[in-house]
Amino acid sequence: MLKIPQFEEIYGRPPRWIVAAPGRVNVIGEHTDYNDGFVLPMAIERYAVMAADVSPAAPPRILVHDSRARDTAQIDVSKPVTKADPRWSNYIRGVVAGFQNRGLTIPSLDISLVSTVPLGGGLSSSAALEVCTATLLETAIGTKLDPVEKALLCQQAEHEFAGVPCGIMDQFISVMGQKDHLLLLDCRSRQTTLVPMNDPSVALLVINTNVKHELSGGEYAERRLQCETAAKILGISSLRDATVETLERARRKMDLFTFHRARHVISEIERTLQTAEAIPNANWPAVGEYMYGSHYSLRDDFEVSCKELDVVVEICRSIGIKGGVYGCRMTGGGFGGSCVALVKAEAADNISNRISTAYKFATAGGETKNGIEATVFSSRPASGANVIKS
Ligand code: ADP
Ligand code: MG
């Protein structure tokens, strides 16, 4: 689903360039990134898209009309760009600043923006917006950054201009995704491997539970600390270097929580590598089992799931392979957000409806009586950032 932003209606002439960058879903590899492990994300068929042209305005400035905010942000690029209102413009400002820091001169630009990546839904509309901006600037300036440098520039924008201390996954997949491929990313070396998934008989479903539980605070920080503690006890720099066997042998040296957290991370890294091996062979039942395994590990050992995510996984399990579902797991940090399921493509619509109905039923009762509406869509592995018109 790629929407082209209105440009002529806003600026009175056709655009010179159109560029797009996708959101993503992480297929497997959860809470492994800050343990130097592997993640296996996929670019989804939802994109931030910018249409643009140069403008004669002086001193140079960038105008961005955003169809969602129905608002235009103005960015003075004659001097170093800093954080400013409106808030959503900071993702763009951060990327512009990154280009300026590399000594690149930014021209006056008129831009219009539209995005089909749901905002704040854990599908990384933020990285899509950053990478879209970087792709447009590359095109307008006539220079191409190295893909790793481009992704890191966008990550830095998210750190410094949005104040979100994210890892490298979202920007890497939005830059480097390829149609019909997943991306295996080594969060230690930053090495990337494209994993072919060109069997058209399967698709991924993204099922948003539409709940986000308020945390009492510190849940994520606590788990990071437990992972670090476990590594320290094992005498290694990160859990990447441990095996389930070495952990088992050290079981009595740590408390049970620390042990469980570490067991999730170590087994999840293993499952991620096994999944990356099974996908090119189209071994979908095996991939599905790794996904369920990931979910149960996140639920029981890492303890970051919640009732609604568990409900979706159990609905998928009960539909089963006969009904077209190979596997399902929560995706993202946890405590709400979305699940990702591997399904037979021909059954995807039917499965979406079955999940929505069963989820609504399962979450009904109590005070409200009304169940929760899930938001479900299917996607094949999409391509990363690209120039649609130049
Ligand atoms: P996620 O990346 O999971 O969607 P984030 O909270 O990281 O969630 O990013 C969402 C924020 O990104 C929004 O609140 C908004 O500020 C900004 N954003 C992303 N895409 C757009 C867009 N098309 N228009 C305006 N703001 C956007
Ligand atoms: Mg984000």
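Select helix 8 (residues 256–278) together with helix 9 (residues 284–300) in this predicted model, where the two axes come within 9 Å and cross at roughly 165 degrees; the axes are lines fitted to C-alpha atoms over the stretch in contact, with angles running from 0 to 180 degrees between N-to-C directions. Helices are DSSP runs of H or I with at least four residues and strands are runs of E with at least two, numbered from the N terminus. Helix 8 and helix 9 are therefore roughly antiparallel to each other (over 145 degrees; under 35 counts as roughly parallel, 65 to 115 as roughly perpendicular and the rest as oblique). Helix 8 passes helix 9 in a left-handed crossing, a term for a near helix turned anticlockwise from the far one by less than a right angle, with clockwise giving right-handed.

Now show the side chains at this contact (heavy atoms within 4.5 Å): helix 8 contributes H264, S267, E268, R271, Q274, T275 and A278, and helix 9 contributes A286, V287, Y290, G293, S294, S297 and L298. By class, the contact of helix 8 with helix 9 has five nonpolar, seven polar and two charged residues (Ala, Val, Leu, Ile, Met, Phe, Trp, Tyr, Cys and Pro count as nonpolar, Asp, Glu, Lys and Arg as charged, and the others, Gly among them, as polar).

Move next to helix 3 (residues 125–141) and helix 5 (residues 169–176), which pack at an angle of about 50 degrees with their axes 9 Å apart and are therefore oblique to each other. Helix 3 passes helix 5 in a right-handed crossing, and the residues to select are A127, A128, E130 and V131 of helix 3 with D170, Q171, S174 and V175 of helix 5. This contact of helix 3 with helix 5 divides into four nonpolar, two polar and two charged residues.

Turn finally to the aromatic rings, of which a search of the whole structure finds three pairs (ring centres of Phe, Tyr or Trp, the last by its six-membered ring, within 6.5 Å; planes under 30 degrees apart are stacked, over 60 edge-to-face and the rest tilted). Select F7 and Y11, a tilted pair at 4.7 Å centre to centre with 40 degrees between the planes. F7 is buried at a relative accessible area of 2%, and Y11 is buried at 16% (buried is under 20%, exposed over 50%, partly exposed in between, with a 1.4 Å probe and protein chains only).

Then select Y220 and F335, an edge-to-face pair at 5.9 Å centre to centre with 70 degrees between the planes. The pair links distant parts of the chain, Y220 in helix 6 (residues 219–234) and F335 in the loop between strand 9 (325–331) and strand 10 (336–344), 115 residues apart. Y220 is partly exposed at 33% relative accessibility, whereas F335 is buried at 11%.

Residues are numbered from 1 along each chain as its sequence is written, while chains are lettered from A and ligands numbered from 1 in the order in which they are written. Because the model is predicted, local features need pLDDT of at least 70 and side-chain atom pairs count only at pLDDT 80 or more, while totals for chains, interfaces and linings use all residues, and side-chain values use heavy atoms, with hydrogens and water left out.
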